[in-house]
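Student: Could you take me on a close look at the salt bridges in one part of this protein? I would like to see how the charged partners are placed.

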Amino acid sequence: MRELPVAARVYIGCAALAAALCAAPATRLGAAAPWTGALALAALYGLCERLRRCPLTDGLRRHAGSSDGAGEESGSFPQGWATPVLLAAALLLPPPLAALTAVPGALLGRAAAPWPAARRLWHAAELALACWSAGQVFRVFRALGRHPLAAPHFPLLLLPAVAAAAAFCGVLAALDGGVLAVAERHPVRTAWRGLLTRSLGPHLVHGLAGLMMAVLWRSVYGPPAALLVLLPVHLSCWVFAQYHRERAAHQATVRALVQAVDIKDRYTRGHSERVGRASVMIARELGMAPDRLEVLRFAGILHDVGKLGVPTRLLRKDGPLTPEERRIIELHPEYGHEIVRGIGFLGEARAAILHHHERVDGRGYPYGLTGRQIPEFARVVAVADAFDAMTSTRSYRRARPVPAAVAELRRCAGAQFDPRMVRALAAALDRHGWRPDEVTVREPDPGPPAAGGNVPAVRAPRSGAGRGGVR
């Protein structure tokens, strides 16, 4: 704990003290309290905590947590089949006992470095507070209808159970945002961003599973029947983990291709990531479906992957290109399409890679398509590519200010670019601004460009534009 910031120690200590105060009334419940059920649920939760570290659930845990590892021990992220057990305890037990249910498993579980002891204590404290809060909310809502925890009243218990799950999730999200700010030093303005929205859905599902466990626990079939609920929950978490493993593999494939391009053409290092980001900004402004945004981001990131087929000497050549050299570089969209043709998850991105140098007036390449003949993704990427090329510093010129770049895009709209895409980018920039340093750290340029890109041709320097390709 020596390396843990003082503010984090105080924060965790206060959470642990609050959890102890919430659990303290359990000592006054006496022998009539359901101690046996509490011990059984605590043991079951501890077992689930250990089993969720098995290979089947590790993928879910790693992906659901934050990128810096803070989420690994954080209660606000999906925890496989462990969470329904805690929610069942919140529904079955008095709130002080429900708070105690989470403590043994959290304290005895594995904890990531750094500060494993502090992470265990924090994990136990936040889960205890969340269980206590969920139990209190469930009892308040249940008291309104006075419905017993039994199978015939299951539909009437849905609202109290959902409210309890929402309280459980809300407490964890609130506490986790605080610990990210004081321990992981996340900016206060972003520490809570996305914590609740990202975890509310899974916790509501877990709340329904917890209600089924609680009802079966009180049924004539007893606790063994309640354990059967965990099987479909575990299978659903496994499927969820498989999905994220596949998505992580997609990301790794794209990353490998981008790194290969960056190694070959160091001049535009970081350009691809920024084009992907600008493309998504345009798409969101246009109201594209969420499932298309990721594919469009891939299109922006991989738009220049065809440079892998272009001789390096041309990509790094100083001075203007000969007509023959220009024709060779103009093949890079087709090279790129060939490289990614067999990558099924790219979908529409493949067409964007092939056609991002087309112009709406038909003077582009490789096929001279016009207007709506050009795929929508390609029209988006063309604008994003030109914008980043103009706003990036080059060895032969300084970066243009964002307003100047937008003005140039508007001037070329209708001839080189789709006016709708230009308007969408301008609106997105007005709303969100442009911070290229958030995407990548620009490295020093090794030399002047060999060929141009999507920068509007009329004001292109030297050989005709920025480094992304030739017009």
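Tutor: Happy to; here is a walk through the salt bridges around helices H18 and H20. This is a predicted model, in which local features need pLDDT of at least 70 and side-chain atom pairs count only at pLDDT 80 or more, while totals for chains, interfaces and linings use all residues. Residues are numbered from 1 along each chain as its sequence is written, and side-chain values use heavy atoms, with hydrogens and water left out.

First, the setting. The protein has 20 helices and zero strands (DSSP runs numbered from the N terminus, H or I of at least four residues for helices and E of at least two for strands). Of its 471 residues, 51% count as buried (under 20% relative accessible area, with exposed over 50% and partly exposed in between, using a 1.4 Å probe and protein chains only).

Side chains of opposite charge can pair when their charged atoms come close. The structure holds 13 salt bridges, each a side-chain nitrogen of Lys or Arg within 4 Å of a carboxyl oxygen of Asp or Glu.

Let us start with Glu376 and Arg420, whose side chains meet in a salt bridge at 3.7 Å, N to O. This pair links distant parts of the chain, for Glu376 sits in helix H18 (residues 376–391) and Arg420 in helix H20 (residues 419–432), 44 residues apart. Arg420 has a relative accessible area of 29%, so this residue is partly exposed. Both Glu376 and Arg420 also belong to a network of salt bridges that takes in Arg292 and Glu348.

Now turn to Arg379 and Asp418, which form another salt bridge, with the closest N and O atoms 2.6 Å apart. Arg379 lies in H18, while Asp418 is in the loop between helix H19 (402–412) and H20, so the pair ties together parts that are 39 residues apart in sequence. Here both partners are buried: Arg379 has a relative accessible area of 7%, and Asp418 one of 9%.

For a further example, look at Asp361 and Arg359, which form a salt bridge whose closest N and O atoms are 2.9 Å apart. Asp361 counts as partly exposed because its relative accessibility is 30%, whereas Arg359, at 8%, counts as buried.

To recap the part you asked about: H18 supplies Glu376 to the pair with Arg420 of H20, and H18 also holds Arg379, the partner of Asp418 in the loop between H19 and H20.
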